[in-house]
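Got the viewer open? Here is a short tour, one selection at a time.

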Amino acid sequence: MMMYAIYSAMVLALLYWVFFAFLSQETFHRLNRITLLLILAFSLILPVLPHSQDFSFLEVLGINLVNVPYINTNRPEIIVENASVTEQIKPVVIWSWKEIAGLAYLGGVLLYIILFIYRTVLLCVYLKQGLRQTDGYGNTVILIPGCKSPFSILKYIVMSVEDYEQHQIPILLHEQEHIRQFHSLDLLMLSVVQCIQWFNPFVWLLGRDLKVIHEYEADKAMLDYGVDIKNYQYLLVNKCNGPSAYAMVNGFNHSQLISRIIMLNKKRSKSTAMVRYFIFLPMLLLSFVLTAKPVEQVKEVVKFEEIDVSNTLPEFPDGAKAMMQFIEKNLKYPEGCDKEGSVIVQFVVDVDGSIKSPVIARSIDPLLDAEAIRLVKSMPNWRPGVQDGKLAMSKYTIPVHFRKKEPEAITSEAAVSNELMKIEGIVVDADTREPIEGAVVKLDGSSKGTVCSANGTFSLEVQKGQTLVFLFPAYKTKKVVIQDYKKPTIPLEKE
């Protein structure tokens with residue numbers, strides 16, 4: 001939702017700037033009001049429209065504009081120990097700046113929603129006070145003692161008893177015009193956009209201008225009704241004693257008093273000035289290009305791929321075992337580094353299988369971080385993930401464990417016998433007896449190892465008396481001493 005809000009704010013800021021620079025001083029009040037409402041509408045609609053435009057040029061700003069599904073991968077992660085396989089590290093909760101910004105944004109939305117509801121409740125309570133009567137047009141006039149300035153909302157007009165007795169005609173005509181033109185509905189739409197874009201200063205400037213235009217429309221109607229302009233201006237000055245704090249109301253004493261008086265006396269714009277409104281067409285096109293959602297690229301890839309399952313995870317070519325071999329072959333411990341630990345690398349597998357945007361999710365040392373990033377970037381293209389039957393960009397995480405010292409070739413138990421034998425076994429869950437795919441089987445104290453297949457089986461040449469170590473995330477590490485040729489079944493217990 002945060003990305004949608006950013007796109008929406010971009011559209012509104014661009015279009016409002018055009019309005020402010022070229023149209024705000026025109027006397028086409030109805031057309032200006034429609035223009036501002038269309039800006040609000042386009043800011044909500046344009047970011048969700050599909051488009052084939054490639055937005056990769058904006059990735060340098062750190063903004064992910066490719067709004068396609070992501071797959072959160074929970075499959076076993078391979079950790080390398082300076083060209084050897086070792087035990088899975090425990091998951092670490094890492095808060096990225098994007099997650100923090102997202103929470104801050106949602107907190108702001110919630111705050112503004114609560115504030116809007118609070119003001120609306122106060123208004124409802126306030127409207128229950130005073131004397132009530134109708135004005136002959138189906139509107140309810142509420143006379144409240146101490147009401148400093150008249151205002152209207154929906155079909156309610158609020159004023160003091162003194163104003164009703166002394167200035168009934170101009171005030172009623174003014175507020176009835178607000179009701180007749182449904183200005184409260186404009187302000188309701190504005191409040192929705194302001195809750196979504198609370199961080200965008202342009203939405204608040206637009207709201208100020210929209211309320212001023214409401215007053216321009218009502219003021220113009222007063223002149224059309226034949227109200228004396230000088231007496232009406234004096235009335236506006238006398239009522240400029242503080243704006244209303246309620247939501248969605250049109251106050252008689254709007255704060256832009258000077259602008260209203262200037263507009264009352266301003267010469268009407270020529271009809272030829274309407275040509276300026278056509279400047280919105282190229283601005284709309286630009287907004288569409290910058291914010292629309294690219295989907296055509298994904299569709300084209302899907303046409304050339306046969307997808308037999310609705311959801312699959314991204315995978316290194318030839319599987320997890322091949323990835324382990326690639327890491328074992330290519331990982332190099334940086335010279336001049338004396339630190340050890342696990343560097344967690346997060347990257348994106350694109351729809352074409354390429355590796356994009358590798359970042360360090362947990363750092364140990366700049367040299368180790370650089371080596372981990374280099375390793376990921378050197379990987380060949382993966383098989384992309386699939387979600388809902390379509391190729392999808394997928395996030396993947398690899399913890400890379402560095403140890404400075406090379407492990408010994410074999411343990412002391414390996415000296416029992418020099419006889420080589422091929423062990424074929426199966427790794428299962430101790431409780432369910434289900435095979436465990438992807439379990440790591442390694443020779444204790446050596447870089448030699450393998451990964452269990454889809455049915456949990458493994459095959460490895462060892463010497464009699466050597467120890468095999470069995471590893472899998474969320475399971476207890478298990479060591480087994482090989483004494484014979486029997487096909488072992490290795491049960492792993494959950495932690």
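Two strands count as paired here if DSSP finds at least two bridges between them. Keep that in mind for the first stop, and bear in mind throughout that this is a predicted model.

**Stop 1: a three-stranded sheet**

Select strands 18, 15 and 21. Together these three strands make an open sheet, running in the order 18-15-21, with mixed pairing. At the edges sit strand 18 (457-463) and strand 21 (489-492), each of which pairs on one side only. Look at how the strands cross: neighbours in this sheet are turned by 35° against each other on average, if you ignore direction.

Now keep just strand 15 (residues 420-429) and strand 21 in view. In which sense do strand 15 and strand 21 pair, parallel or antiparallel? They pair in the parallel sense, over four bridges. To find one bridge partner, click V428 and then look across to strand 21, where P491 is its match.

**Stop 2: a serine in helix 1**

Jump to helix 1 (residues 2-22) and pick out S8, which lies in it. Is S8 buried or exposed? S8 counts as buried because its relative accessible area is 0%, and the cut-off for buried is under 20%. Then show what surrounds it: setting aside neighbours within four places in sequence, S8 is in contact with S43, L44, P47 and Q197.

**Stop 3: a nonpolar patch on the surface**

Switch on the surface and select L154, Y156, F182, L185, L188 and V192. These residues form a nonpolar patch there, with about 550 Å² of accessible area together. Which helix gives the most to the patch? That is helix 6 (residues 183-196), with three residues.

Two members of the patch deserve a click of their own.

- L154 belongs to the loop between strand 5 (151-153) and strand 6 (156-159). Check its backbone: phi is positive, about 50°, although L154 is not a glycine.
- F182 is in the loop between helix 5 (168-180) and helix 6. Its phi is positive as well, about 55°, and F182 is not a glycine either.

Stay on F182 for one more question: why is F182 called exposed? Its relative accessible area is 54%, and the label exposed applies over 50%, so F182 qualifies.

**Last look**

To finish, colour S8 and F182 together: S8 is buried, at 0% relative accessible area, whereas F182 is exposed, at 54%.

How values were computed
Residues numbered from 1 in each chain as written. Predicted model: local features only at pLDDT ≥ 70, side-chain atom pairs only at ≥ 80, totals over all residues. Heavy atoms only, no water. Patch = residues over 30% accessible without salt bridge, like charges linked within 9 Å, V, L, I, M, F, W, Y side chains within 5 Å. Areas by Shrake-Rupley, 256 points an atom, 1.4 Å probe, with all protein chains shown as cover. Salt bridge = Lys/Arg side-chain N within 4 Å of Asp/Glu carboxyl O. Helix = DSSP H or I, 4+ residues; strand = E, 2+ residues; numbered from the N terminus. Axes fitted to C-alpha atoms, helices over the stretch in contact; angles between N-to-C directions. Buried < 20%, exposed > 50% of the residue type's maximum accessible area, 1.4 Å probe, protein only. Contact = heavy atoms within 4.5 Å.
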